[in-house]
Amino acid sequence: MLPAMQLVCYTTCMTGNIHSNRLIGRREELANLYRLAERPGGQLVLISGRRRIGKSFLLEHFIHDRRAIFYQATQQTETAELAAFSDLVRGTLGVDDLPAGVAYPSWESALTSLVKHARDERLIVVLDEFPYLCESTRGLPSIIQRWWDRVGKRSGIMLIVCGSAQTLMERLDDTGAPLYHRFTGKLNVRMLSYRDAAQFTPQLSAADKARIYAILGGTPFNLDQWDPDHGVRENLLDLFADPMSSLVDSAEHVLTTELPDPRVAYRVLQAIALGKSRFAEIHDFAEVHERALPRLVGFGLIDRRIPATEDREKSKRSLYTISDPYLRFYFRFIARNRGLIERGLGVRVVDEQILPHLDDHMGFSFEEIARTFMLELVRKGEVPGDDVGSWWSRDGQQEIDIVGTSNLRPTFIGTVKWRAQALDMRVLRDLERDAAVLGIDESAPRIVIGRGGCDERVLTSAGVRGYSAEDLYR
(Lines give C-alpha, C1' and ligand atoms only; values in the text may rest on other atoms or scores of the structure.)
Protein backbone atom coordinates (compact mmCIF):
# COMPACT_ATOMS: atom_id res chain seq x y z
CA MET A 1 0.00 0.00 0.00
CA LEU A 2 1.31 3.47 -0.86
CA PRO A 3 2.52 5.20 2.30
CA ALA A 4 0.73 8.40 3.29
CA MET A 5 3.68 10.70 2.68
CA GLN A 6 4.75 13.42 0.32
CA LEU A 7 7.12 12.31 -2.32
CA VAL A 8 10.18 13.94 -3.88
CA CYS A 9 12.56 14.16 -6.68
CA TYR A 10 16.28 14.14 -7.08
CA THR A 11 17.80 17.20 -5.48
CA THR A 12 21.30 18.63 -5.55
CA CYS A 13 22.40 21.43 -3.24
CA MET A 14 23.29 24.16 -5.72
CA THR A 15 21.85 27.38 -4.29
CA GLY A 16 22.44 27.02 -0.58
CA ASN A 17 18.76 26.36 0.09
CA ILE A 18 17.82 23.94 2.83
CA HIS A 19 16.69 20.72 1.16
CA SER A 20 14.58 17.94 2.60
CA ASN A 21 14.25 14.32 1.60
CA ARG A 22 10.59 14.63 0.71
CA LEU A 23 9.49 13.13 -2.55
CA ILE A 24 7.37 15.71 -4.32
CA GLY A 25 4.78 14.16 -6.59
CA ARG A 26 5.49 10.71 -8.08
CA ARG A 27 2.64 9.00 -6.19
CA GLU A 28 1.45 7.14 -9.27
CA GLU A 29 4.97 6.08 -10.27
CA LEU A 30 5.78 4.84 -6.78
CA ALA A 31 2.46 3.00 -6.49
CA ASN A 32 3.16 1.20 -9.77
CA LEU A 33 6.58 0.09 -8.52
CA TYR A 34 5.06 -1.17 -5.28
CA ARG A 35 2.49 -3.19 -7.20
CA LEU A 36 5.16 -4.77 -9.39
CA ALA A 37 7.26 -5.68 -6.36
CA GLU A 38 4.29 -7.44 -4.76
CA ARG A 39 3.62 -9.68 -7.76
CA PRO A 40 4.88 -13.27 -7.53
CA GLY A 41 7.85 -14.39 -9.61
CA GLY A 42 10.56 -12.40 -11.32
CA GLN A 43 9.99 -8.86 -12.52
CA LEU A 44 11.87 -7.08 -15.30
CA VAL A 45 11.22 -3.34 -15.30
CA LEU A 46 12.27 -0.63 -17.76
CA ILE A 47 12.47 2.93 -16.40
CA SER A 48 13.30 5.84 -18.68
CA GLY A 49 13.04 9.60 -18.64
CA ARG A 50 14.98 12.74 -19.27
CA ARG A 51 18.22 13.36 -17.38
CA ARG A 52 17.75 15.13 -14.03
CA ILE A 53 14.03 14.34 -14.01
CA GLY A 54 14.34 12.41 -10.73
CA LYS A 55 14.52 8.74 -11.78
CA SER A 56 17.35 7.82 -9.43
CA PHE A 57 15.81 9.61 -6.47
CA LEU A 58 12.49 7.90 -7.13
CA LEU A 59 14.20 4.49 -7.14
CA GLU A 60 16.19 5.28 -4.01
CA HIS A 61 12.93 6.14 -2.29
CA PHE A 62 11.28 2.96 -3.60
CA ILE A 63 13.99 0.64 -2.30
CA HIS A 64 14.18 2.31 1.12
CA ASP A 65 13.81 -0.41 3.81
CA ARG A 66 13.80 -3.15 1.14
CA ARG A 67 16.42 -5.73 0.22
CA ALA A 68 18.05 -4.10 -2.75
CA ILE A 69 21.22 -3.68 -4.77
CA PHE A 70 21.35 -0.20 -6.33
CA TYR A 71 24.21 0.03 -8.83
CA GLN A 72 24.90 3.20 -10.80
CA ALA A 73 27.18 2.67 -13.80
CA THR A 74 30.11 5.03 -14.29
CA GLN A 75 31.26 4.68 -17.93
CA GLN A 76 34.13 2.35 -17.06
CA THR A 77 35.24 -0.89 -18.70
CA GLU A 78 33.21 -4.06 -18.22
CA THR A 79 35.85 -5.42 -15.83
CA ALA A 80 35.76 -2.28 -13.68
CA GLU A 81 31.95 -2.19 -13.64
CA LEU A 82 31.72 -5.85 -12.60
CA ALA A 83 34.32 -5.32 -9.87
CA ALA A 84 32.38 -2.36 -8.47
CA PHE A 85 29.09 -4.27 -8.69
CA SER A 86 30.68 -7.23 -6.89
CA ASP A 87 31.91 -4.97 -4.08
CA LEU A 88 28.41 -3.54 -3.73
CA VAL A 89 26.82 -6.99 -3.55
CA ARG A 90 29.41 -8.14 -1.00
CA GLY A 91 28.83 -5.07 1.17
CA THR A 92 25.05 -5.25 0.92
CA LEU A 93 24.33 -8.98 1.21
CA GLY A 94 27.52 -10.17 2.91
CA VAL A 95 27.74 -13.17 0.58
CA ASP A 96 30.08 -16.01 1.55
CA ASP A 97 30.67 -17.24 -2.00
CA LEU A 98 32.23 -13.96 -3.13
CA PRO A 99 35.49 -13.47 -1.19
CA ALA A 100 37.14 -10.08 -0.93
CA GLY A 101 38.94 -9.13 -4.12
CA VAL A 102 36.94 -11.59 -6.23
CA ALA A 103 34.58 -10.24 -8.89
CA TYR A 104 31.85 -11.84 -10.94
CA PRO A 105 33.30 -12.85 -14.33
CA SER A 106 30.20 -11.71 -16.28
CA TRP A 107 26.82 -10.03 -15.83
CA GLU A 108 25.05 -13.32 -16.47
CA SER A 109 26.98 -15.03 -13.68
CA ALA A 110 26.34 -12.07 -11.39
CA LEU A 111 22.57 -12.15 -11.90
CA THR A 112 22.46 -15.95 -11.72
CA SER A 113 24.38 -15.88 -8.46
CA LEU A 114 21.89 -13.42 -6.97
CA VAL A 115 18.92 -15.70 -7.66
CA LYS A 116 19.66 -17.85 -4.61
CA HIS A 117 19.53 -14.73 -2.42
CA ALA A 118 15.95 -14.12 -3.56
CA ARG A 119 14.48 -17.55 -2.80
CA ASP A 120 12.71 -16.56 0.41
CA GLU A 121 12.39 -12.81 0.01
CA ARG A 122 12.18 -10.39 -2.89
CA LEU A 123 15.54 -8.91 -3.94
CA ILE A 124 15.48 -5.72 -6.00
CA VAL A 125 18.43 -5.14 -8.34
CA VAL A 126 18.69 -1.70 -9.93
CA LEU A 127 21.08 -1.09 -12.84
CA ASP A 128 21.04 2.69 -13.13
CA GLU A 129 22.60 4.49 -16.11
CA PHE A 130 22.02 1.27 -18.03
CA PRO A 131 23.17 2.74 -21.38
CA TYR A 132 26.69 3.05 -19.92
CA LEU A 133 26.69 -0.68 -19.17
CA CYS A 134 25.53 -1.40 -22.71
CA GLU A 135 28.51 0.58 -24.01
CA SER A 136 31.02 -1.35 -21.90
CA THR A 137 29.44 -4.80 -22.33
CA ARG A 138 28.65 -5.70 -25.90
CA GLY A 139 25.33 -7.49 -26.26
CA LEU A 140 24.21 -6.85 -22.67
CA PRO A 141 20.47 -6.88 -23.54
CA SER A 142 20.97 -10.34 -25.09
CA ILE A 143 22.81 -11.50 -21.98
CA ILE A 144 19.96 -10.33 -19.77
CA GLN A 145 17.44 -11.94 -22.13
CA ARG A 146 19.18 -15.29 -21.82
CA TRP A 147 19.34 -15.00 -18.02
CA TRP A 148 15.69 -13.93 -17.83
CA ASP A 149 14.41 -16.78 -20.00
CA ARG A 150 16.46 -19.41 -18.16
CA VAL A 151 16.03 -18.42 -14.51
CA GLY A 152 15.13 -14.76 -14.01
CA LYS A 153 11.39 -14.88 -14.68
CA ARG A 154 10.93 -17.73 -12.18
CA SER A 155 13.11 -16.13 -9.49
CA GLY A 156 12.43 -13.68 -6.69
CA ILE A 157 14.47 -10.94 -8.34
CA MET A 158 13.00 -7.65 -9.48
CA LEU A 159 15.55 -6.37 -12.02
CA ILE A 160 15.17 -2.69 -12.90
CA VAL A 161 17.12 -1.17 -15.80
CA CYS A 162 17.07 2.62 -15.79
CA GLY A 163 18.54 5.25 -18.08
CA SER A 164 18.27 8.70 -19.62
CA ALA A 165 19.40 8.03 -23.19
CA GLN A 166 15.85 7.78 -24.47
CA THR A 167 16.75 6.48 -27.92
CA LEU A 168 18.60 3.47 -26.51
CA MET A 169 16.07 2.84 -23.73
CA GLU A 170 13.21 2.96 -26.23
CA ARG A 171 14.94 0.44 -28.50
CA LEU A 172 15.25 -2.11 -25.68
CA ASP A 173 11.60 -3.03 -26.22
CA ASP A 174 11.44 -2.58 -29.99
CA THR A 175 10.18 -5.42 -32.15
CA GLY A 176 13.09 -7.78 -32.75
CA ALA A 177 15.15 -6.50 -29.81
CA PRO A 178 16.44 -9.19 -27.39
CA LEU A 179 14.20 -7.97 -24.55
CA TYR A 180 11.12 -7.37 -26.69
CA HIS A 181 7.93 -8.34 -24.82
CA ARG A 182 9.91 -9.46 -21.78
CA PHE A 183 9.47 -6.39 -19.60
CA THR A 184 6.80 -6.96 -16.95
CA GLY A 185 6.59 -3.21 -16.32
CA LYS A 186 7.62 0.01 -18.06
CA LEU A 187 7.69 3.46 -16.52
CA ASN A 188 8.52 6.76 -18.20
CA VAL A 189 9.27 9.36 -15.54
CA ARG A 190 7.98 12.69 -16.80
CA MET A 191 8.12 16.30 -15.65
CA LEU A 192 6.30 17.27 -12.50
CA SER A 193 2.92 18.94 -12.88
CA TYR A 194 2.63 22.66 -12.25
CA ARG A 195 1.01 21.92 -8.89
CA ASP A 196 3.76 19.52 -7.76
CA ALA A 197 6.45 21.90 -9.01
CA ALA A 198 5.01 24.59 -6.74
CA GLN A 199 5.87 22.50 -3.67
CA PHE A 200 9.51 23.47 -4.12
CA THR A 201 8.54 27.06 -3.21
CA PRO A 202 5.38 26.69 -1.08
CA GLN A 203 5.83 30.06 0.63
CA LEU A 204 5.57 32.07 -2.59
CA SER A 205 2.47 33.57 -4.20
CA ALA A 206 0.59 31.68 -6.90
CA ALA A 207 1.76 34.22 -9.49
CA ASP A 208 5.40 33.60 -8.59
CA LYS A 209 4.86 29.83 -8.64
CA ALA A 210 3.47 30.18 -12.16
CA ARG A 211 6.45 32.32 -13.20
CA ILE A 212 8.90 29.79 -11.84
CA TYR A 213 7.12 26.97 -13.67
CA ALA A 214 7.21 28.96 -16.92
CA ILE A 215 10.96 29.48 -16.48
CA LEU A 216 12.14 26.15 -15.05
CA GLY A 217 9.38 23.72 -15.99
CA GLY A 218 8.74 20.54 -14.03
CA THR A 219 12.32 19.26 -13.76
CA PRO A 220 13.26 18.77 -10.09
CA PHE A 221 16.93 19.61 -10.62
CA ASN A 222 15.96 23.00 -12.07
CA LEU A 223 13.31 23.78 -9.48
CA ASP A 224 15.63 22.97 -6.63
CA GLN A 225 17.93 25.82 -7.66
CA TRP A 226 15.35 28.60 -7.27
CA ASP A 227 16.00 30.55 -4.07
CA PRO A 228 12.60 31.52 -2.60
CA ASP A 229 14.27 34.19 -0.42
CA HIS A 230 15.25 36.14 -3.54
CA GLY A 231 13.07 37.83 -6.14
CA VAL A 232 12.59 36.92 -9.80
CA ARG A 233 15.37 39.20 -11.07
CA GLU A 234 17.90 37.96 -8.52
CA ASN A 235 17.15 34.34 -9.40
CA LEU A 236 17.35 35.01 -13.13
CA LEU A 237 20.75 36.61 -12.59
CA ASP A 238 21.97 33.64 -10.54
CA LEU A 239 20.63 30.98 -12.91
CA PHE A 240 21.04 32.52 -16.37
CA ALA A 241 23.37 35.54 -16.25
CA ASP A 242 26.33 33.59 -14.88
CA PRO A 243 28.09 31.52 -17.59
CA MET A 244 29.08 29.01 -14.88
CA SER A 245 25.44 28.21 -14.06
CA SER A 246 24.40 24.71 -15.07
CA LEU A 247 21.11 26.01 -16.48
CA VAL A 248 22.89 28.06 -19.13
CA ASP A 249 23.79 24.90 -21.04
CA SER A 250 21.53 22.30 -19.42
CA ALA A 251 19.10 22.36 -22.34
CA GLU A 252 21.85 21.42 -24.77
CA HIS A 253 22.95 18.56 -22.50
CA VAL A 254 19.39 17.23 -22.61
CA LEU A 255 19.53 17.09 -26.39
CA THR A 256 23.06 15.75 -26.77
CA THR A 257 22.71 12.93 -24.24
CA GLU A 258 19.29 11.67 -25.24
CA LEU A 259 18.96 12.01 -29.01
CA PRO A 260 20.83 10.40 -31.93
CA ASP A 261 21.12 13.74 -33.78
CA PRO A 262 20.74 16.67 -31.35
CA ARG A 263 21.37 19.20 -34.14
CA VAL A 264 17.99 18.39 -35.67
CA ALA A 265 16.20 18.87 -32.35
CA TYR A 266 18.08 22.11 -31.73
CA ARG A 267 17.05 23.59 -35.08
CA VAL A 268 13.42 22.53 -34.65
CA LEU A 269 13.17 23.96 -31.12
CA GLN A 270 14.83 27.17 -32.26
CA ALA A 271 12.35 27.50 -35.12
CA ILE A 272 9.37 27.05 -32.80
CA ALA A 273 10.83 29.52 -30.29
CA LEU A 274 11.07 32.08 -33.12
CA GLY A 275 7.35 31.74 -33.82
CA LYS A 276 7.34 29.04 -36.49
CA SER A 277 4.46 26.80 -35.42
CA ARG A 278 3.24 25.07 -38.59
CA PHE A 279 4.83 21.97 -40.09
CA ALA A 280 5.87 23.65 -43.35
CA GLU A 281 7.33 26.69 -41.57
CA ILE A 282 9.41 24.55 -39.21
CA HIS A 283 10.45 22.16 -41.99
CA ASP A 284 11.67 24.99 -44.22
CA PHE A 285 13.38 27.01 -41.47
CA ALA A 286 15.10 24.09 -39.74
CA GLU A 287 15.83 22.16 -42.95
CA VAL A 288 14.94 18.81 -41.42
CA HIS A 289 13.49 15.55 -42.70
CA GLU A 290 9.69 15.29 -42.57
CA ARG A 291 9.94 12.50 -39.98
CA ALA A 292 11.85 14.75 -37.56
CA LEU A 293 8.79 16.39 -36.03
CA PRO A 294 6.85 13.17 -35.29
CA ARG A 295 10.04 11.77 -33.79
CA LEU A 296 10.44 14.76 -31.45
CA VAL A 297 6.77 14.50 -30.51
CA GLY A 298 7.45 10.88 -29.55
CA PHE A 299 10.37 11.95 -27.37
CA GLY A 300 8.12 14.46 -25.60
CA LEU A 301 10.17 17.48 -26.68
CA ILE A 302 7.43 19.08 -28.76
CA ASP A 303 3.64 18.84 -28.83
CA ARG A 304 1.38 18.63 -31.85
CA ARG A 305 -1.71 20.70 -31.11
CA ILE A 306 -4.93 20.54 -33.11
CA PRO A 307 -8.29 22.30 -32.57
CA ALA A 308 -10.10 20.55 -29.73
CA THR A 309 -13.11 19.70 -31.92
CA GLU A 310 -11.12 17.85 -34.58
CA ASP A 311 -9.94 14.24 -34.82
CA ARG A 312 -6.21 14.01 -34.10
CA GLU A 313 -5.66 11.35 -36.77
CA LYS A 314 -7.50 13.26 -39.48
CA SER A 315 -6.85 16.92 -38.75
CA LYS A 316 -4.54 18.85 -41.09
CA ARG A 317 -4.50 21.94 -38.86
CA SER A 318 -1.53 21.16 -36.64
CA LEU A 319 0.43 23.69 -34.61
CA TYR A 320 3.65 22.68 -32.87
CA THR A 321 4.80 23.93 -29.48
CA ILE A 322 7.74 23.14 -27.19
CA SER A 323 6.52 20.79 -24.45
CA ASP A 324 8.85 21.66 -21.60
CA PRO A 325 8.44 25.20 -20.20
CA TYR A 326 12.17 25.33 -19.40
CA LEU A 327 13.13 24.49 -23.00
CA ARG A 328 10.54 27.01 -24.21
CA PHE A 329 12.14 29.69 -22.02
CA TYR A 330 15.67 28.61 -22.93
CA PHE A 331 15.18 28.71 -26.68
CA ARG A 332 13.34 32.01 -26.56
CA PHE A 333 15.77 33.89 -24.32
CA ILE A 334 19.01 32.01 -23.63
CA ALA A 335 20.05 30.09 -26.75
CA ARG A 336 20.40 33.16 -28.95
CA ASN A 337 22.14 35.11 -26.17
CA ARG A 338 24.71 32.50 -25.14
CA GLY A 339 27.50 34.58 -26.67
CA LEU A 340 26.60 37.61 -24.56
CA ILE A 341 26.37 35.51 -21.41
CA GLU A 342 29.73 33.87 -22.09
CA ARG A 343 31.30 37.34 -22.51
CA GLY A 344 30.07 38.42 -19.08
CA LEU A 345 27.04 40.39 -20.31
CA GLY A 346 24.41 38.16 -18.70
CA VAL A 347 23.04 41.03 -16.58
CA ARG A 348 22.20 42.87 -19.79
CA VAL A 349 20.45 39.77 -21.15
CA VAL A 350 18.29 39.51 -18.03
CA ASP A 351 17.47 43.23 -17.81
CA GLU A 352 17.00 43.96 -21.51
CA GLN A 353 16.00 40.66 -23.12
CA ILE A 354 14.13 38.68 -20.46
CA LEU A 355 12.43 40.88 -17.84
CA PRO A 356 10.74 43.31 -20.30
CA HIS A 357 9.19 40.34 -22.17
CA LEU A 358 8.52 37.93 -19.31
CA ASP A 359 4.82 38.80 -18.96
CA ASP A 360 4.33 38.22 -22.68
CA HIS A 361 6.15 34.89 -22.37
CA MET A 362 3.86 33.94 -19.47
CA GLY A 363 0.75 33.96 -21.67
CA PHE A 364 1.02 30.48 -23.19
CA SER A 365 2.41 28.86 -20.03
CA PHE A 366 -0.45 30.24 -17.96
CA GLU A 367 -2.91 28.93 -20.55
CA GLU A 368 -1.35 25.47 -20.22
CA ILE A 369 -1.66 25.63 -16.44
CA ALA A 370 -5.29 26.67 -16.80
CA ARG A 371 -6.07 23.82 -19.20
CA THR A 372 -4.49 21.34 -16.78
CA PHE A 373 -6.59 22.81 -13.98
CA MET A 374 -9.79 22.43 -16.01
CA LEU A 375 -8.87 18.84 -16.91
CA GLU A 376 -8.63 18.15 -13.17
CA LEU A 377 -12.18 19.51 -12.79
CA VAL A 378 -13.33 17.30 -15.68
CA ARG A 379 -11.88 14.23 -13.98
CA LYS A 380 -13.65 15.19 -10.74
CA GLY A 381 -16.94 15.55 -12.61
CA GLU A 382 -17.26 19.24 -11.75
CA VAL A 383 -17.55 20.28 -15.41
CA PRO A 384 -18.83 18.19 -18.34
CA GLY A 385 -16.54 16.57 -20.89
CA ASP A 386 -13.81 14.01 -21.40
CA ASP A 387 -10.94 16.21 -22.60
CA VAL A 388 -9.68 19.80 -22.62
CA GLY A 389 -7.87 21.64 -25.38
CA SER A 390 -7.99 24.89 -27.32
CA TRP A 391 -9.51 25.97 -30.63
CA TRP A 392 -8.76 28.38 -33.46
CA SER A 393 -10.60 29.30 -36.64
CA ARG A 394 -9.31 28.38 -40.08
CA ASP A 395 -8.41 31.98 -40.85
CA GLY A 396 -6.66 32.36 -37.51
CA GLN A 397 -8.76 35.36 -36.54
CA GLN A 398 -10.52 33.72 -33.59
CA GLU A 399 -8.99 31.58 -30.85
CA ILE A 400 -10.47 30.10 -27.69
CA ASP A 401 -7.96 29.28 -24.96
CA ILE A 402 -9.99 26.54 -23.28
CA VAL A 403 -12.45 24.19 -24.92
CA GLY A 404 -13.84 21.22 -23.04
CA THR A 405 -15.10 18.42 -25.27
CA SER A 406 -17.00 15.15 -25.15
CA ASN A 407 -16.53 13.04 -28.26
CA LEU A 408 -15.08 16.17 -29.93
CA ARG A 409 -18.24 18.20 -29.23
CA PRO A 410 -17.76 21.36 -27.11
CA THR A 411 -19.01 21.15 -23.53
CA PHE A 412 -17.55 24.39 -22.10
CA ILE A 413 -15.30 27.22 -23.26
CA GLY A 414 -12.98 29.60 -21.49
CA THR A 415 -10.54 32.47 -21.76
CA VAL A 416 -7.23 32.90 -19.92
CA LYS A 417 -5.39 36.16 -19.29
CA TRP A 418 -2.08 36.73 -17.52
CA ARG A 419 -3.32 40.05 -16.21
CA ALA A 420 -2.79 41.40 -12.70
CA GLN A 421 -6.07 43.35 -12.75
CA ALA A 422 -9.38 41.56 -12.20
CA LEU A 423 -10.92 40.62 -15.56
CA ASP A 424 -14.07 42.54 -16.45
CA MET A 425 -17.07 42.14 -18.75
CA ARG A 426 -15.08 43.10 -21.82
CA VAL A 427 -13.18 39.81 -21.58
CA LEU A 428 -16.46 37.91 -21.30
CA ARG A 429 -17.90 39.73 -24.33
CA ASP A 430 -14.83 38.79 -26.38
CA LEU A 431 -15.33 35.17 -25.35
CA GLU A 432 -18.96 35.29 -26.45
CA ARG A 433 -17.92 36.63 -29.85
CA ASP A 434 -15.55 33.70 -30.36
CA ALA A 435 -18.18 31.27 -29.08
CA ALA A 436 -20.51 32.42 -31.84
CA VAL A 437 -17.90 31.57 -34.46
CA LEU A 438 -17.49 28.10 -32.97
CA GLY A 439 -21.26 27.71 -32.77
CA ILE A 440 -21.60 27.14 -29.02
CA ASP A 441 -24.92 28.08 -27.42
CA GLU A 442 -25.48 29.61 -23.99
CA SER A 443 -25.95 26.25 -22.25
CA ALA A 444 -22.20 25.56 -22.26
CA PRO A 445 -20.47 26.94 -19.14
CA ARG A 446 -18.13 29.89 -19.63
CA ILE A 447 -14.78 29.84 -17.82
CA VAL A 448 -12.82 33.03 -17.14
CA ILE A 449 -9.34 32.67 -15.63
CA GLY A 450 -7.08 35.60 -14.82
CA ARG A 451 -3.95 36.01 -12.77
CA GLY A 452 -5.82 38.54 -10.61
CA GLY A 453 -9.19 36.82 -10.87
CA CYS A 454 -12.43 38.35 -12.10
CA ASP A 455 -14.55 41.30 -11.01
CA GLU A 456 -17.95 40.94 -9.36
CA ARG A 457 -19.98 41.39 -12.54
CA VAL A 458 -18.18 38.52 -14.26
CA LEU A 459 -18.44 36.25 -11.21
CA THR A 460 -22.19 36.86 -10.90
CA SER A 461 -22.96 36.38 -14.61
CA ALA A 462 -25.19 33.40 -15.36
CA GLY A 463 -23.30 30.27 -16.41
CA VAL A 464 -19.86 31.80 -15.75
CA ARG A 465 -17.14 30.47 -13.47
CA GLY A 466 -14.22 32.72 -12.62
CA TYR A 467 -10.84 31.72 -11.22
CA SER A 468 -7.64 33.44 -10.15
CA ALA A 469 -4.08 32.15 -10.11
CA GLU A 470 -4.54 31.46 -6.41
CA ASP A 471 -7.52 29.23 -7.22
CA LEU A 472 -5.43 27.21 -9.67
CA TYR A 473 -2.87 26.47 -6.98
CA ARG A 474 -5.25 26.01 -4.07
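In this predicted model, Ser468 comes out as buried, with a relative accessibility of 14%, which falls below the cut-off of 20%. Ser468 belongs to strand E12, a run covering residues 464-468. Leaving aside residues up to four places away in sequence, the contacts of Ser468 are Gly450, Arg451, Gly452 and Gly453. One of these, Arg451, also turns up in a charge-over-ring arrangement: Arg451 lies over the face of Trp418, at 4.2 Å from the ring centre. A similar story holds for Arg52, whose charged end sits over the ring of Phe221, 3.9 Å from the centre of that ring.

Next come the aromatic rings. A pair of aromatic rings is described by two things, the distance of the centres and the angle of the planes. Searching the whole structure turns up 15 aromatic pairs. One of them joins Tyr266 and Phe331: the ring centres are 5.0 Å apart and the planes stand at 70°, so this pair goes down as edge-to-face, the angle being over the 60 degrees needed for that label. Since Tyr266 is in helix H13 and Phe331 is in helix H16, the pair ties together parts that are 65 residues apart in sequence. The two partners don't share an exposure class: Tyr266 is partly exposed, at 26% relative accessible area, whereas Phe331 is buried, at 1%.

Helix H16 has another ring pair to offer, made by Tyr326 and Tyr330. Here the centres are 6.1 Å apart and the planes make an angle of 50°, which puts the pair in the tilted class. Tyr326 and Tyr330 are 4 residues apart in the helix, so about one helical turn separates them. Both are tucked away from the surface: Tyr326 counts as buried with 2% relative accessibility, and Tyr330 counts as buried with 0%. Elsewhere, ring pairs link up Tyr71, Phe85, Tyr104 and Trp107, and the result is a cluster.

Back to helix H13, the home of Tyr266. This helix takes in residues 262-273, 12 residues in total, and its first and last C-alpha atoms are 16 Å apart, close to the 16 Å expected at 1.5 Å a residue. Its buried residues are Val264, Ala265, Val268, Leu269, Gln270, Ala271 and Ile272. What do the buried residues of H13 pack against? The list has helices and strands on it: helix H12 (250-258), helix H14 (279-286), helix H15 (292-298) and helix H16 (325-334), along with strand E6 (302-305) and strand E7 (319-322). After H13 comes Gly275, which has a positive phi near 100°.

Positive phi values also show up at residues other than glycine. Asp65 has a phi near 65° and is placed in the loop between helix H2 (55-63) and strand E2 (68-72). With a relative accessibility of 72%, Asp65 is classed as exposed. His181 isn't a glycine either, yet its phi is positive, at about 65°. Its setting is again a loop, this one between helix H7 (166-171) and strand E5 (185-189). His181 is exposed too, at 64% relative accessibility, which clears the 50% cut-off.

Notes
Residues numbered from 1 in each chain as written. Predicted model: local features only at pLDDT ≥ 70, side-chain atom pairs only at ≥ 80, totals over all residues. Heavy atoms only, no water. Helix = DSSP H or I, 4+ residues; strand = E, 2+ residues; numbered from the N terminus. Buried < 20%, exposed > 50% of the residue type's maximum accessible area, 1.4 Å probe, protein only. Expected span 1.5 Å × (residues − 1). Contact = heavy atoms within 4.5 Å. Phe/Tyr/Trp six-rings, centres within 6.5 Å; stacked < 30°, edge-to-face > 60°. Lys NZ or Arg CZ within 6 Å of the ring centre and 35° of its normal.
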